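Thanks, everyone. Please bring the structure up on your screens, and I will walk you through it.

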Amino acid sequence: AEAFSDGFCAALGEAVRGSVAAPPSLFGETLAQESAAAGSFRDVHGCPLAVGAGTYDRLLGEEVGNVDHRLYGGAQYHRALREFALAARCLRLPAITEEEVSNAAGVGETHDGVNFLHAAC
């Protein structure tokens, strides 16, 4: 059992680092396959995008890349990180009123001034 565990951990490490030992045609996923299996950052309920579907698809191809390539391991992980960064930049930001900013700012512990850094984060 220990030999199997060691072999499995070594194979997993190679897959994450990147390897050509496992054929991508069997183990890799395109971005569409990955989204169908695990969900897409585009379809998060309650978080509408500020760009249209066509623009988002164009940005996926330009900024995320490897959309149609079958990736696995570390390459797939980094593609997911690039897709998340794109989705985060494309989210529609909520409208924030001056009252909300004033209430979030509060008063600091060391002085009576408003803590704008705390309100911004």
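I will start with the whole chain, then take the helix contacts, the salt bridges and two single residues.

First, a caution. This is a predicted model.

Now the overall picture. The protein chain has seven helices and zero strands. Read from the N terminus on, the order is α-α-α-α-α-α-α. How much of the chain counts as buried? Of its 121 residues, 17% do. Next, the contacts along the chain. Take those between residues at least 6 apart in sequence. Of these, 63% join residues at least 24 apart.

Let's go to a helix pair. Find helix α4, residues 53-64, and helix α5, residues 74-90. Their axes come within 10 Å. They cross at roughly 135°. How should we describe that angle? Roughly antiparallel would need an angle over 145 degrees, and roughly perpendicular runs from 65 to 115. So α4 is oblique to α5. The crossing of α4 and α5 is right-handed.

Which residues make this contact? From α4 come Tyr56, Leu59, Leu60, Glu63 and Val64. From α5 come Arg79, Arg82, Glu83, Leu86, Ala87, Arg89 and Cys90. Sort the residues of the α4 and α5 contact by class, and you get seven nonpolar, five charged and no polar.

Stay with α5, but change its partner. The axes of α3 and α5 come within 12 Å. Here the crossing is at roughly 80°. That value falls between 65 and 115 degrees, so α3 and α5 are roughly perpendicular to each other.

Who takes part on each side? On α3, look for Leu31, Glu34 and Ser35. On α5, look for Gln76, Arg79, Ala80 and Glu83. The classes in the contact of α3 with α5 are two nonpolar, two polar and three charged. Keep Arg79 and Glu34 in mind, please.

On to charges. Side chains of opposite charge can pair when their charged atoms come close. How many salt bridges are there? The count comes to four. I will show you three pairs.

Pair one is Arg79 with Glu34. Their closest N and O atoms are 2.9 Å apart. Arg79 sits in helix α5, and Glu34 sits in helix α3, residues 31-38. The two residues are 45 apart in the chain, so this salt bridge links distant parts. Are these residues buried or exposed? The cut-off for buried is under 20% relative accessible area. Arg79 is at 0%, so Arg79 counts as buried. Glu34 has 12%, so Glu34 is buried too.

Pair two is Asp57 with Arg42. The closest N and O atoms here are 2.5 Å apart. Asp57 belongs to helix α4. Arg42 is in the loop between α3 and α4. They are 15 residues apart, and the pair links distant parts of the chain. What about accessibility? Asp57 is partly exposed, at 41%. Arg42 is partly exposed as well, with a relative accessible area of 28%.

Pair three is Glu63 with Arg89. The closest N and O atoms of this pair are 2.0 Å apart. Glu63 lies in helix α4 and Arg89 in helix α5, so the pair ties together parts that are 26 residues apart in sequence. You have met both names already, since Glu63 and Arg89 are among the residues of the α4 and α5 contact. Glu63 is partly exposed, with 38% relative accessible area. Arg89 is exposed, at 55%.

Two single residues to finish.

Where is His78? Its place is in helix α5. His78 has a relative accessible area of 45%, which means partly exposed. Now measure the separation from Val64 in your viewer. In sequence, His78 and Val64 are 14 residues apart. In space, they are 9.2 Å apart, C-alpha to C-alpha.

Last comes Arg17. Look in helix α1, residues 2-17. Arg17 is exposed, with a relative accessible area of 67%. Arg17 and Gly73 are 56 residues apart in sequence. From C-alpha to C-alpha, Arg17 and Gly73 are 6.9 Å apart in space.

To recap: α5 contacts both α4 and α3. Salt bridges also join α5 to these helices, through Arg79 with Glu34 of α3 and Arg89 with Glu63 of α4.

Definitions and conventions:
Residues numbered from 1 in each chain as written. Predicted model: local features only at pLDDT ≥ 70, side-chain atom pairs only at ≥ 80, totals over all residues. Heavy atoms only, no water. Axes fitted to C-alpha atoms, helices over the stretch in contact; angles between N-to-C directions. Helix = DSSP H or I, 4+ residues; strand = E, 2+ residues; numbered from the N terminus. Parallel < 35°, antiparallel > 145°, perpendicular 65-115°, else oblique. Left-handed = near helix turned anticlockwise from the far one by under 90°. Contact = heavy atoms within 4.5 Å. Nonpolar A, V, L, I, M, F, W, Y, C, P; charged D, E, K, R; others polar. Salt bridge = Lys/Arg side-chain N within 4 Å of Asp/Glu carboxyl O. Buried < 20%, exposed > 50% of the residue type's maximum accessible area, 1.4 Å probe, protein only.
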